[in-house]
Every structure is written in C-alpha cells, then in structure tokens.
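Here's a quick tour of one helix, the loop after it and a greasy spot elsewhere on the surface. Have the viewer open as you read.

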Amino acid sequence: SIGGRGFCTDPGSILASTTEYHFAPNSYRLGQESIQYLAELYEALVASGRGQDWAAEHGRVIALGTGPDESLYVQTAMELQRSTDPWLATSEGQAHWHKPPLLYWLTEGAISLFGETAFAIRLTPALFGWLSAVALFLVARRLFSAERALVVPWATVSCLGLLKFARLTMMDTGLLFAFAWQSWALVRAVQLRQVRQLTWLA
C-alpha cells in the first residue's frame, strides 16, 4: 500500500494517493522508497496521459536537489512567481494556506532576481540564519559585554541544526529570526524602561 512498506501497482490507486500526498516530490518518503514511489507514480501518470504535464511542473524542482519537505515551499514559490495574483499561494494549482506566506514571497523575489537556481531558492533561509546570529550577538552584548558577546554568534552558526536548516527552504530559520529579534527588542525595552514598547511586544 502507499502508506505501508509495499507499493500499489494499480495506477488508479497511485493517482488517487496524489490528492493526499501532493505528488511524490512533496511526500515524506526517503531513500529507495522515494525512488520507487516516484517511478510508480510517473508510470501511472504516463498511463493516464498526465506524465508530460507532471514532468514539466515538477522537473525543475527535482533538478534543484530539493528534499521531500522543502520541495513544497519551492514549488509554491515557483507557482507564485508565475502567477498573476501575488496574494494567492498555490501548490500544484490548488490554494495553499498551510503555512504563512512570507517565505513564499521572499523566495519568489529571489527567484525573480536570480532565476530558478539553488542559490535563489535557499538565499532566504541563509539570510535568516545569519541575521539570527547577529540578533543573538546584540542580545548578549546588552546582557553582558561586547567581548563576551562575540562568543554567541560563533556558537550559533556552529550549531548543527542551524547549519542544516539555513541550507533548506523551510520555515525553521525564519522562526529563529523572529524569536531572536523579538528577544533583542524585549531586552532593549526592559533596560530602557520603554513601557509602550513592552506593551506592544506583549
């Protein structure tokens, strides 16, 4: 079955599964299972006359070396870049409201500037990661001293988690960016006793 260890050989069953899994590039399969599922899905699509459409739509995403998770974000950003409605994020032509749209917009902007390249699609998470380290340095400098604070950005960028997700088109470094700069604003407001800013942050 699609959800188990084996795989369906019936094209109709495989095509039905695409509604739930958003096609193979966006499914959560790894290694050989991903390859086998992708091959079976493509054969089913060819049999139904949809193979060329699927290859044209997803071939660029696969060629960029995206993983199972980030392909969803990249696909949505690419569709947004070609869309006439900048407010409607879609995935495979269907409205996609599962995630906040900021990452899609920023990735779409990078694609517009640099084309559909691996550099463009991963520029936004890389910048988020770097700016998060800057924010944590500023927090540490306010809490301690400039000399001690210098350790913080180096410790931040050496974390394996940040090194991984700053190279993937996903929401993780964006959340870190938001929390880091909010922390800086909170510490600054407390030290300067800015009641209005504290109220806004709360």
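Some vocabulary before anything else: a residue is buried under 20% relative accessible area, exposed over 50%, and partly exposed in between (1.4 Å probe, protein chains only). This is a predicted model, where local features need pLDDT of at least 70, side-chain atom pairs count only at pLDDT 80 or more, and totals for chains, interfaces and linings use all residues. Residues are numbered from 1 along each chain as its sequence is written, and side-chain values use heavy atoms, leaving out hydrogens and water.

Helices here are DSSP runs (H or I, at least four residues), numbered from the N terminus. Helix 10 has 21 residues and spans 30 Å from first C-alpha to last, close to the expected 30 Å, which is 1.5 Å times one less than its number of residues. Its buried residues are T173, G174, A180, A185, V187 and A189. Their cover includes helix 6, helix 9 and helix 11, with contact meaning heavy atoms within 4.5 Å.

Just after helix 10, R193 takes a positive phi of about 55°, and R193 is not a glycine. Most residues other than glycine have a negative phi. R193 sits in the loop between helix 10 (172-192) and helix 11 (195-201).

How do two residues compare with those cut-offs?

| Residue | Relative accessibility | Class |
|---|---|---|
| R193 | 72% | exposed |
| L106 | 36% | partly exposed |

L106 belongs to helix 5 (residues 102-114).

Conventions:
Helix = DSSP H or I, 4+ residues; strand = E, 2+ residues; numbered from the N terminus.
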